[in-house]
Amino acid sequence: MRRLLSSLSVALLWTTIVLAQERTVTGTITAKEDGLSLPGVSIKIKGAATGTQTGADGQYSIQVPGNNTVLVFTYIGFASQEVNVGARSVVNVELTTDATQLGEVVVTALGISRQKKEIGYATTTVSNEALTQANAVNVANGLQGKVSGLNITTVGSGVFEDVAITMRGLRSLTGNNDPLLVLDGVPTQLSYLSSLNPNDIENVSILKGSSSAGIYGPDARNGVIVVTTKKGTDQPVITYSNSTQLSSVSFFPKLQTQFGQGGYGEYIPYENWSWGPAFNGSTVNIGEELPNGNQQTAIYSPTDERRDFFNTGTTIQNDLSFSVNNFYLSVQDALVKGIVPDDQNRRTGIRLNSGREYGKFKANVNLNYIQNNYKLFNDDGMSDFFTAQSTGGNDGLMSQIFNTPANVSLSKYKDFENDEFSQYSNYYNRYGINPYFAIDNWRNEGKRQDLMANLQLDFKAFDWLNFTYRPALTSRTIGERFFSRGEIANQFALHRDFTTVPGNITERNYNLTRLSSELFANLNKEINEDFTIEGILGTYVRQTASRETRVGASNLVVPDVFNIGNRTGNLSGSSPESKSRLFSIYGSASASYKGWANIEITGRNDWTSVLSLNNNSFFYPGVSGSLVLTDAIESLKESNILSYLKLRAAWNKTGNADINPYQLAATFSQPNNDQGNWTGFPYGSLPGYSAGNTTYDADLKPEFIESKEFGIESSFFGNRLNIEATYFHQNNTNQIISVSVSDATGYNFANLNAASFINKGVELDLRLTPLYKFRGGNIQFRANATYNDSEITSIYPGLDQLSIGGYVASGNYAIVGKPAFVIKASDYARDDQGRIIVDRFSGYPSEDPNTKVFGRTLPLWIVGLNPSINFKGFNLSSLFEYKGGHEVSFFAMGGDMAWTGVSAATARNNRERFVIPNSSYEDPANPGQYIENTNITVSNVNDFYTGVYHDVASNFITSAAAWRLRELSLSYDIPPKFLAKQKIVKGISLALTGRNLFVWVPKTNEFTDPDFNSVRDDYNNTFGIVNSQSNPPVRMYGGNIVVRF
Amino acid sequence: MKKVIYSFLAFLLIISTGCKKDFFDINENPNSPTADAITPDLILPMVLHQTAKKMATSYDFAAHWTGYWARSGTYGPSNPLENYDVTTTYEKDEWVNGNSSTVYNPTVSWYNILKDNDVMEKRAQETDQTFYVAIAKVIKSIGFMYLVDEYNNVPYSEAFDLENAIQPKYDKGQDIYNDLLVQLDEAVILLADADIIVNTGIENADIMFSGDAIMWKKLANTQRLKLLLRQSEILGAAPTAELAKITADGSGFLLAGETAEVNPGYTQAEYQLNPFYDTYLKNFAGSLSDDFNRANNYVLNKLRSNNDIRYQYYFSEAQTPLGGNTYFGFNFGFVDTDPNQPKAGNSSNVAGPGLAKSAIQPQWLFTSMESLFLQAEAMQRGWITGDAKATFQDAVRESYSWLGVADAETAANTYLAQNLPIVDYDGATDKIRFIVMQKYLSLVGINNFEAWVDYRRLGVPTDLPLSLSPSRNGRGVPVRLLYPQEEYSFNSANVAAEGTINAQTSKVFWDK
């Protein structure tokens, strides 16, 4: 049939040619963004039925009837262009990517591209240009602020730029809320996102709802990030880019600069407290006299050296790629040096994407190998040392730094090996440690290797039926060691209550492999002119296996020999393994009427090994639809104002059992942690077992989430104004969670089906492209906003709250009727008017034994604003991001700062006795009645701040709202005419970029970046908990150059 | 075409059915044993070691409150320890497990120890290993006694039954005590018939008595006497029925030289040192492990002023003495604003040579001198027959020899022979408080908890100074601990039913 049609059109064409004054027009079509040629561009003569396509080299040739011919160039993903041929015989055209997204293609399930207008759920595509505009080191940072519904939080400022990602809030109270990463069609763990080279990426599609879970399986309930890497282009292109960036501390806790070393107003030369007298410029001793009689002295006035402890970090990244016809090869080398001296990570990666077609067969292979080599300060090692000294309050590198009194010049202590005042044993501070010594002593050095490989075999049985087989392997290997060099305290040190720092080493080897195999058939058939149907039927099987081996020696004999054989005492260690399997059958069927009415139904059944064999099979369905009103309704087609209007809706249910293997039965062990078997067992031949802290439900069932979403997509004034809005509502039931229980049950946690909550919100996207047009350029404006709220509806019979992570004095809680999560923390005892009750004699308040509920820990609003200006090859783009409506607790960090008297708060009243604002005291004549306090002052300011003020968490809870300038970039493409004289260089672009340049927070936040989270590694669903292990946040700025050959 | 689709469907069907059971049956835990694989002998060493460790190292607060220990000059004020303003998080690891993957050396709560003990009892019952059952009952009577003594009403009858009671109710302290005596009844009966052959591995697993049933009965009888004496102020009459059970058993009490102590094989390696030595003296690397706890001037002076050499065994000489003060202590709660105040290194630590003799010594759990003092008090009360004075003197002599005092018997006799009220039994008007005061002086740092119990029960020592903390605000030594914050969060209805608890006034049931 088709052959007949095409011969018909050839005949028609022939007729036209004969009739008119035909002649041949040729040309090359290229993409404006990268200058690469575009194959498969459709070229039609306006008003006629005839046309052609560009070949593999982007060239075309067409017969045109005469000089008045207008050619229409269309290509998916690009804005179509009409060109008047005139008398020309060569017409070269540059197509620009279509910012309006109307013709946008979204890479959806299984790597299948679909027209966005056919999709019944919310999606967003981020192009490579948008992703890399400010030289983000990893993909997650590049997505920050650009997509509504997506909450990307930078949780630390280390060399890995740790991030937490959630989409549309939470679906699990204690479990996994990570969106699924789909890399070239293969589901992959989200953690690999930080390993990918942003420059290798063609585009990122964000599938926000859980609709794609029907095809991708249970991991897709949290949304999907579909990353498609670059395939080859038709002409050979070599691209080299270099990016150099600097990072420096952008926000430092507010410290007081009025009072120095000492306690209770007295100067004490060896104190870490800053409770000494006011600065007066006199000369004072620092530390005690050394045994040789040497004594260091300094002027008693403030310095700014605590801030200077941190280096300017650098990131130097070099990329080289070669691309030709279905072949893409790239190499990347990135060297990141952190702000903590001696912290560095070097990432080296290589990627090969290649494919070949043989008639009906097509084979593609994607290979990616990445190596991270890192050397870091190991904060946990130092913390364990302090804990063993029972001085646990001084944990964290930040604590060592801000504990340094303002009058001490910290930088003097860099040479801890040679300088006698800087050596461990002679350090001036009796209660702290030289931070330069610390970062040298406790180290973590390792290598992380990631291999991602997949093979895709396609067999096109018919034009409308395609079979795909896709086996894939992802593997991660980590080999690392944590060690302490050790330092023997000399006699002088021992007499000053110093102790020997033991030398120790722990070796860790971790290996994770995930093998998957997927087979599916994809059917796409045009029934008639109006109806198209599409169907997918497939099967997926996956095995995940891991092993982690740790072995350690806690007391090395000869210093600096890091071999576990160089020890006294026992070896410690463990070697757990795990294995799980998943098998699925899935299918979808969709129908489209004239392209403007679309419906899709999906269904999937999973079998998993992590549930008992009686409960391990579960099915979940979904349905979604879309309606393009501007196509469907005749009267709208004509509208001058409204260019596009689409309505969409989706409903689906997803099931999952996203738990680790072996969570059906309680276990016993000889308890151990990373450092060793802390109960001592086994003692030689004597074992000793203890019941684990968690009990499990052997009959655990999968949890289900029911999601609904409604959306509208519209554009106005010829696509200049685009508005997209989505409302979503998710009911999460029967959650598999670890319920904290009374210790009297014998356990701390019971792992069972419990807890339900509702998660809902609105996502808004606005684009003004262009907002304003002027000669040679334009101004564009994009904005997105997300409103996300949730409510816990139940926990467990008899239980109405759940602690997340177990921080009792100030932690995250799920409480029925409240959003997930709220901070629950300690506060002062208050009277019924909310006034702080103070003691009638001492003026001190006391801590209320009952903790109180404070605000939510997840933002209610996230707003991104992205104005940009284009002018003659220059592009100035900025991205502002706001998060607000939530609170953060700096209890651990703020408490430390109050204890040592360094925080600005401790000097607010010049350390004079003061009346606590809004306080009252009990009427001695009428117990239970409280009188407003106007004259009872705290009896000792030093005791107040180091005592009850330091203990009460509410003093350190503040609004977590923040505005940030996430990105600012100025880029310039050298115009092609400057390069025209030579043939080697095809394009050069230059850019100056800045990331996280400014953060604006409320005055009450005197601590650090409210997005930071010090405990995420341990408890991935806690938010807003910052302690002194978090380093200050950084701003990054630098430049990059991209050269194409 | 149809063929293709059908064969594809057939393929799917084949893998889906073929994949069933075997393919998914891989969820047996390969890393840790589950309940079926656990036998009593694997748990008992853990239970005994943890019980002894807890009794010896978890009661710093009691030592501070009762005049044994004080904070060294190295540290600033420590509240609530020193202002007695007990909170719901203070000492919560008595109840709540401090277990965590990130904490260096977490403390283990009583409920955690008793959970293991409970599993051991149940597993032993299933296999008729009655010796293990009996041991579990004796340990239960110790652990729950501590919980009641600290919190009064606590979950007991519904404890360790998560499936039926995820929120266990609280039982009355008196009812728990009554049942603990029943547990001891049962234990003694089981011990009488204990068969070592049936109780696999008990000679090794019993790291306290190596499977010696007689010694376990002596411990059970002494523990029974302790439970009864706790209630001395509320009983009214002698508990003759309970005392008769001790006589009926016939094994008697722990005697001189019969300290119940555990030794799993303590050795000079990380986490494997004797717990007391490790906590208060030196760690595995040879570093001093405790800069905080130092001699309290009250007890130091009490000993020195009565020529009681034992202070040199309870406390160490200062590392760097100032002004010739080789034994130097602090006043409890005193906030010294003098920058040149003596520090930890200038004062006496609490792991004296009589207590921390070596890193590999056994860990005491119930000392012989405590047993003798309990007997002396019971004799004085007329509860059991015997010469109270002679027994009290035996107890003092046992204390001297236990500490390793040179020429202990002579030294003890010299001390006892002095004409001082502290040793003058005959001249004492209140002989019970006199005996208990001597018990107080014999258990310094050894059983700190007992001192707090006796202070609450009898007000001994009668001249104990209260904390000098500037923020004490009129509070006295707390009469109990507050229920931990976790209970208010995870067992809220039951803890709420206990009403408002005040650590200054809400006394435990035996405290009148």
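**Exercise 1. The surroundings of B:N346**

Task: In this predicted model, determine which backbone oxygen the side chain of B:N346 reaches, and decide whether B:N346 is buried or exposed.

Solution.

Step 1. Begin with the side chain. That of B:N346 extends to the backbone oxygen of B:T320, at a distance of 2.9 Å.

Step 2. Look for a further backbone partner. A polar atom of the B:N346 side chain lies 2.7 Å from the backbone nitrogen of B:K343.

Step 3. Place the residue in its chain. B:N346 belongs to the loop between helix 14 (311-314) and strand 6 (363-366) of chain B.

Step 4. List the contacts, leaving aside neighbours within four places in sequence. B:N346 then touches B:A318, B:T320, B:L322, B:N325 and B:F328.

Step 5. Apply the cut-off, under which a residue is buried below 20% relative accessible area. The relative accessibility of B:N346 is 10%, and therefore this residue counts as buried.

**Exercise 2. Strand 30 of chain A and its partners**

Task: Identify which strands are joined to strand 30 of chain A by bridges, and explain why strand 30 is described as largely enclosed.

Solution.

Step 1. Take the partner that precedes the turn. Strand 29 (residues 577-593) of chain A is joined to strand 30 of chain A by 12 bridges, and the two run antiparallel. Within this pairing, A:I599 of strand 30 has A:A591 opposite it.

Step 2. Examine the connection. Strands 29 and 30 of chain A make a hairpin with three residues between them. In the turn, A:K594 has a positive phi of about 55°.

Step 3. Take the other partner. Strand 31 (residues 617-628) of chain A also runs antiparallel to strand 30 of chain A, with 11 bridges joining them. Here A:I601 faces A:V623 of strand 31 across the pairing.

Step 4. Consider burial. Strand 30 of chain A covers residues 597-608, and 10 of its 12 residues are buried, so the strand is largely enclosed by the rest of the structure.

**Exercise 3. An open sheet in chain A**

Task: State the order of the strands in the three-stranded open sheet of chain A, and find which strands lie at its edges.

Solution.

Step 1. Read the order. The three strands are arranged 45-50-51, with mixed pairing.

Step 2. Find the edges. Strand 45 (836-838) and strand 51 (930-932) of chain A each pair on one side only, which makes them the edge strands.

Step 3. Note the twist. From one strand to the next, it averages 45°.

Step 4. Inspect one pairing. Strand 45 and strand 50 (residues 919-922) of chain A run parallel and are joined by three bridges. The bridge partner of A:I837 in strand 50 is A:S920.

Technical notes. Residues numbered from 1 in each chain as written. Chains lettered and ligands numbered in written order. Predicted model: local features only at pLDDT ≥ 70, side-chain atom pairs only at ≥ 80, totals over all residues. Heavy atoms only, no water. Helix = DSSP H or I, 4+ residues; strand = E, 2+ residues; numbered from the N terminus. Buried < 20%, exposed > 50% of the residue type's maximum accessible area, 1.4 Å probe, protein only. Polar contact = N/O pair within 3.5 Å; in protein donor to acceptor, adjacent residues only side chain to side chain. Contact = heavy atoms within 4.5 Å. Pairing = 2+ DSSP bridges. Axes fitted to C-alpha atoms, helices over the stretch in contact; angles between N-to-C directions.
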